[in-house]
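Welcome to a short guided tour. Keep your viewer open, and let's select a few places together, one stop at a time.

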Amino acid sequence: MILSEKWLREWVSPDMDSQALAHSMTMAGLEVDAVIPVVDGLSGVIVAEIMSAEPHPDADKLRVCTVNTGGELVQIVCGAPNAQAGLKTPLAQPGAKLPGGVKIKKTKLRGVVSQGMLCSAAELTLSDDHDGLLALPEDAPVGEAIEEYLDLNDQLIEIGLTPNRADCLGVLGVARDLAVTTESALTEPPIKTVSPSIEDVFPVEVLSAAKCPRYLGRVIRNVDISKTLPLFMVERLRRAGIRSIDAVVDITNYVMLELGQPLHAFDLDSLQGGIRVREAEPDECITLLDGEERTLSDGTLVIADHKKALAMAGIMGGEGSGIGANTQHLFLEAAFFAPELIAGRARQYGLHTDASHRYERGVDPELAYRAMERATALLLEWVGGDAGPVVDVSASAHLPVREPVTLHAYTIRNMLGIDVAADEIDRIFTGLGFSLECDAGGEVWRCTAPSWRFDMGCEADLIEEVARVLGYDNIPAAPLQGAAQASKLPESHMPLLSLKRLLASRGFNEAITFSFVSPALQQLIDPNVTPIPLRNPISSDLAVMRTSLIPGLLGAAANNTKRQQSRVRLFETGLRFLPGENLEQRTTLAMLMCGSRLPEGWQEKSAAVDFYDIKGEVEALLSGAAQAPGFRPIIRPGLHDGQTAEILLGDTILGVVGRLHPTAVQQLDLPSHTYVAELDLESIAKRQMPAYREISRFPEVRRDIAVIVGRATPATEVLNCAAEAAGHLLSDALIFDVYEGEGVAANEKSLAIGLTFQDQSRTLTDEEINASLQQVIESLGEKLDAKLRH
């Protein structure tokens, strides 16, 4: 938000300069991003009047103007299309300086002398408009310095407001906070109730009270749209970045900047039947003031008459009902729209307006009455007319209710480290508009937030108000007190940092992505879980809470591959959010691999990663677990059938590993060989304590067998069965070959198993080894229908 310092000082004017004022605002939580002069380095520019404008003898686009400076007539060559007799505009005389260090001197243009330069708003850095000369009002005094006439000795204060401080999106809110923090007087302009001079009303019907709990309307007849507003109002709008359109629209914008309440004025003659506040009908279209036609989606709130939609509620008005040059009668609207139901609608249509910016953050539901009276008074003062009574349609059941919050003196002391006097607490909260009830001892307060504060829900919120009003820099720094105690971390628990270092040492890079993701991407990876939607998403692509870390990593991988990164290895740790009666937040680790297996080098051409690469990374991550991990084939949406498995640790499912499905690969434009894994972080952090085992002094004996099993039989199942049957003499078992082809049936495969036997106390005999081997063969035959391959 950009605010004129002079305008702000009309409301509250503490005894401090611009920089001190900005610092005080920042310390109060209204962070000032910049303090910028309205113009910098301007001198020698005056108000002038063009007396005549004749064509240049040697240039079709130039005109030779005779200009009155208030003391003499001078000749100026100008190329602006609106240079014409009678126009009052700024003139930079010879010797004048313009912002940016430009110095004006007498010169010749195509052989004709020019004694200065007529200026556009852009040349004076007043706006970006350079299409023509800056037109000044007809009563502008010729010869007066432009900085004096336009009151340019002003500073623009740019405030970076947090989303919870929508009450400060107007001069009123900023001034109220500043008055409390600087202990200065707040001077609000008098807003009196306008008595109706006519009885005309226009019917209002609210069909969606939950989204629009309050709607005010007023008929104003016989306005003169051709009248101009005073220069100070137009200048204040311009300095806030709002272009002047016409007197009526400018007044509604002026009141919005002043009080923070968006308003809208309709051309009454274009309305039919009455106002209806309703949700959009199926396939309903509207052409907005930006000239674009949009098809309205379900749930969009519109302001309509009995024939058509007139405006998107809280966002933008429609083209057919707006104020025009022929408008004589107005219907003025002021409303309160529920912020949680309006939030995100503007972004859904690719819009962001001053009104939507305020409504989706929360506008004071009581402010509509003041804004209606203020706008009516200004309209009657500057464009004339007759005002009718205000039509008020309010649904109190849907209006926000502020519950009291208890504040304790000892909590302030514990959280801020200082004692705050009871009368200071009273001053702070009374000045901020709270209602207070204090106990007899002055140690406990029941605070009820004013209607314009939507962010006061607990005691910590109240303590934050105390801290920011006192000024964070005024809270003395004090050393921490108390005995420090190191926390105990069992050796069987692997710290998160160690896990990250392990992955980094294996070539992975850590990614940090949003906790909210695109609904489409979430549906692609985890369609069986309905994610938790955000009430006010920052964009439509970040609208739901993630139930998996995989979508975020896929987005990061897509960004990297689009930037010519041929080998991507990413991991992320964080929370995923699972809906239910009680929200479950589960700490998770996710990994992603795509591209080549090895970095590019001269030794050999690297092949693409495959399932066994990421499976090996999972096994390395779990190398210190109580037992070796297992893998069981599963089918999971978003991943490739036949190349996806559950990760097991005993009977506990730790997560999933697999290849991204070709459909997902195509949608995200990722390499076809993209593999992901996701594991429960708390489970994999548990480690088995290393135990000493004496190295046997006796030889080990290895026996190899080959068995034929069904092709669908998992190799892990065969290996586990063999190890279980071999007994306590077995020290190691592995599968070292898989064969499918000639000599083996099409629905079968041959597995070569290496079994190693050893005892700690003696040398094993052939009879003992053969007996164990026979048990293995028999067990494989009985349980898996395996046959010994000769």
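**Stop 1: a loop after strand 10.** Start by selecting serine 120, which lies in the loop between strand 10 (117-118) and helix 3 (146-149). Before you go further, keep in mind that this model is predicted. Is serine 120 buried or exposed? Serine 120 has a relative accessible area of 4%, so it counts as buried. Now add histidine 130 to your selection: this residue is 10 residues away along the chain, and the two C-alpha atoms are separated by 5.6 Å. Setting aside neighbours within four places in sequence, you can show the contacts of serine 120 by selecting Asp129, His130, Gly132, Leu133 and Leu134.

**Stop 2: two helices that pack.** Next, select helix 5 (residues 231-239) together with helix 6 (residues 247-259). Two packed helices are described by the angle between their axes and the distance between the axes. Here the angle is about 65°, and the axes are 10 Å apart. The crossing of helix 5 and helix 6 is left-handed. To see where they meet, show the side chains of Phe232, Met233, Arg236 and Leu237 in helix 5, then those of Asp250, Ile251, Asn253, Tyr254 and Leu257 in helix 6. Try colouring the residues of this contact by type: you should find 6 nonpolar, 1 polar and 2 charged.

**Stop 3: the nonpolar cores.** In soluble globular proteins, nonpolar side chains tend to be buried together. The largest nonpolar core in this model has 51 residues, and Leu8, Met25, Val174 and Leu379 are those with the most contacts inside it. Helix 6, which you have just visited, gives this core its largest share, 8 residues. Zoom in on methionine 25: beyond its neighbours within four places in sequence, its contacts are Leu8, Leu30, Glu31, Val32, Ile157, Ile159, Val174 and Leu178. Then move to a second, separate core of 26 residues, which includes Leu499, Phe571, Ile647 and Leu654.

**Stop 4: the cysteines.** How many disulfides does the structure hold? The count is 0. Select cysteine 65 and cysteine 78 to look at one pair: the sulfur of cysteine 78 is the nearest cysteine sulfur to that of cysteine 65, at 5.3 Å. Cysteine 65 is buried, with a relative accessible area of 0%. Now pick cysteine 168, whose closest cysteine sulfur is in cysteine 447; the sulfurs are 18 Å apart, so they are too far for a bond. Cysteine 168 is also buried, at 0% relative accessible area.

**Stop 5: two residues with positive phi.** Most residues other than glycine have a negative phi. Go to arginine 110, in the loop between strand 8 (107-109) and strand 9 (112-114). Arginine 110 has a positive phi of about 55°, although it is not a glycine. With a relative accessible area of 54%, arginine 110 is exposed. Then jump to glutamine 564, in the loop between helix 16 (550-561) and strand 29 (567-578). Glutamine 564 has a positive phi too, near 65°, and is exposed, with a relative accessible area of 70%.

**Stop 6: one last loop.** Finish at threonine 713, in the loop between strand 35 (701-710) and helix 20 (715-726). At 16% relative accessibility, threonine 713 counts as buried. Show Val718 and Lys749, which threonine 713 touches when residues up to four places away in sequence are not counted. Finally, select alanine 786: its C-alpha atom is separated from that of threonine 713 by 9.9 Å, though the two are 73 residues apart along the chain.

Terms used: Residues are numbered from 1 along each chain as its sequence is written. This is a predicted model: local features need pLDDT of at least 70, side-chain atom pairs count only at pLDDT 80 or more; totals for chains, interfaces and linings use all residues. Side-chain values use heavy atoms; hydrogens and water are left out. Axes are lines fitted to C-alpha atoms, for helices over the stretch in contact, and angles run from 0 to 180 degrees between N-to-C directions. Helices (H or I, at least four residues) and strands (E, at least two) are DSSP runs, numbered from the N terminus. A crossing is left-handed if the near helix is turned anticlockwise from the far one by less than a right angle, and right-handed if clockwise. Contact means heavy atoms within 4.5 Å. Ala, Val, Leu, Ile, Met, Phe, Trp, Tyr, Cys and Pro count as nonpolar, Asp, Glu, Lys and Arg as charged, and the others, Gly among them, as polar. A disulfide is a pair of cysteine sulfur atoms within 2.5 Å. Buried means under 20% relative accessible area, exposed over 50%, partly exposed in between (1.4 Å probe, protein chains only). A nonpolar core is a set of buried Ala, Val, Leu, Ile, Met, Phe, Trp, Tyr and Cys residues joined through side-chain atoms within 4.5 Å.
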